[in-house]
Amino acid sequence: MRYSKLFWFAALLSAIWNGWMLISYFVRAAYFPMSVKGDALRLVKEAALLAPIPIALMMFLFWLWRRPLKNRPYIVGLVLIAFATLLPLLPRIEGNYRETYWLAETRHEIPWYYGPYNGRSEPGGKYFWVSVSFPDLEPRYKTRDQLITVGKAVDFNRGKGGAAPEETCTEHQTYTTCEWKRGDFVYMVSTIPERFPSDISAFMVEVADLLDGFEVTKTN
């Protein structure tokens, strides 16, 4: 088989394979966005998934300009196609990505492995949540223990404001929620009653300390 035919055959197969990989990647990113962002090779893999199309396009333009082509350009193209196909298969490397969320004018940088969600990436945010284990408050992606959600807000009722609840914790049919204020912020917990700690006061301090640890001050 001539190198020209081999290149175009490889480019077609690579585009199909990478297309399927790209769909799988987007599905995974939709369900586990922080896990995807936590891969240090994320940008490399994303670029490699799309690479077969520009590689084939460049080869076609080069062919229009210098046709007929000798074997060397096709060999170089085959090497590039091979890299574009293999790079997304590289093993995952844990990165130090941090998600930036704002509460009013206060910036928070949260390590990805806490699974942060519902925050705002620009000033003016109302609240955010993270997932941790119980009772050790280990990050979501570093434990297999049962999880609870803890959050931080600018005011009660998930930042919407209003009077403080009469009771710090409220039991619903299937879960328990708590809200309390410390300093300028309100802290929240949501979990099933069976996981709720017996020493609530100490637990509240631990939760608030954890969430305050994500705060970025001017001295940082």
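I take a salt bridge to be a side-chain nitrogen of Lys or Arg within 4 Å of a carboxyl oxygen of Asp or Glu. The model I looked at is predicted.

**Entry 1: salt bridges**

I searched the whole structure and got nine salt bridges. I followed up three pairs.

I began with E215 and K152, whose side chains form a salt bridge with an N to O distance of 3.2 Å. E215 sits in strand β8 (residues 215-216) and K152 in strand β4 (residues 147-153), so this pair ties together parts 63 residues apart in sequence. I then looked up how far each partner is covered. E215 is partly exposed, at 25% relative accessibility. K152 has 0% relative accessibility and counts as buried, because the cut-off for buried is under 20%.

Next I took R182 and D212, which form a salt bridge with their closest N and O atoms 2.8 Å apart. This pair also links distant parts of the chain: R182 belongs to strand β6 (residues 176-182) and D212 to helix α6 (residues 200-212), 30 residues apart. I find R182 partly exposed at 29% relative accessibility. D212 is partly exposed too, with a relative accessible area of 25%.

Which residues do shared partners join into one network? I list K152, R182, D209, D212 and E215, joined by salt bridges that share partners.

**Entry 2: K37 and E99**

I looked up K37 and found it in a salt bridge with E99, the closest N and O atoms lying 3.5 Å apart. K37 is in helix α2 (residues 33-37) and E99 in strand β1 (residues 98-103), so the bridge ties together parts that are 62 residues apart in sequence. Is each partner buried or partly exposed? K37 is partly exposed, its relative accessible area being 27%. E99 is buried, at 10% relative accessibility.

**Entry 3: the largest nonpolar core**

I turned to the interior. The largest nonpolar core has 23 residues, and V130, V132, V150, W180, V189, V207 and L211 touch the most other members. I checked which elements supply two or more residues to this core: β1, β3 (127-133), β4, β6, β7 (185-191) and α6. The largest share, six residues, is from α6.

I picked V150 and listed its contacts, leaving out residues up to four places away in sequence. V150 touches F128, W129, V130, V132, M188, V189, V207 and L211.

I also noted another core, which lies apart from this one. That second core has twelve residues, including A10, A51, I55 and I81.

**Entry 4: a nonpolar patch on the surface**

I looked for nonpolar side chains on the outside. Y3, L6, I75, V79 and F83 form a surface patch, with about 430 Å² of accessible area together. The elements giving two or more residues to the patch are α1 (3-31) and α5 (71-86). Which element gives the largest share of the nonpolar patch? I find that α5 does, with three residues.

I checked F83 on its own. F83 is in helix α5. At 52% relative accessibility, F83 counts as exposed, because the cut-off for exposed is over 50%.

**Entry 5: cross-reading**

I went back over the elements that came up more than once in my notes. Helix α6 holds D212 of the R182 pair, and α6 also gives six residues to the largest core. Strand β4 holds K152 and is listed among the elements of that core. Strand β1 holds E99 and is on that list as well.

Notes
Residues are numbered from 1 along each chain as its sequence is written. This is a predicted model: local features need pLDDT of at least 70, side-chain atom pairs count only at pLDDT 80 or more; totals for chains, interfaces and linings use all residues. Side-chain values use heavy atoms; hydrogens and water are left out. Helices (H or I, at least four residues) and strands (E, at least two) are DSSP runs, numbered from the N terminus. Buried means under 20% relative accessible area, exposed over 50%, partly exposed in between (1.4 Å probe, protein chains only). Patches are made of residues with over 30% relative accessible area and no salt bridge: like charges are joined within 9 Å, nonpolar side chains (Val, Leu, Ile, Met, Phe, Trp, Tyr) within 5 Å. Accessible areas come from the Shrake-Rupley method with a 1.4 Å probe; for residues, only the protein chains shown count as cover. A nonpolar core is a set of buried Ala, Val, Leu, Ile, Met, Phe, Trp, Tyr and Cys residues joined through side-chain atoms within 4.5 Å. Contact means heavy atoms within 4.5 Å.
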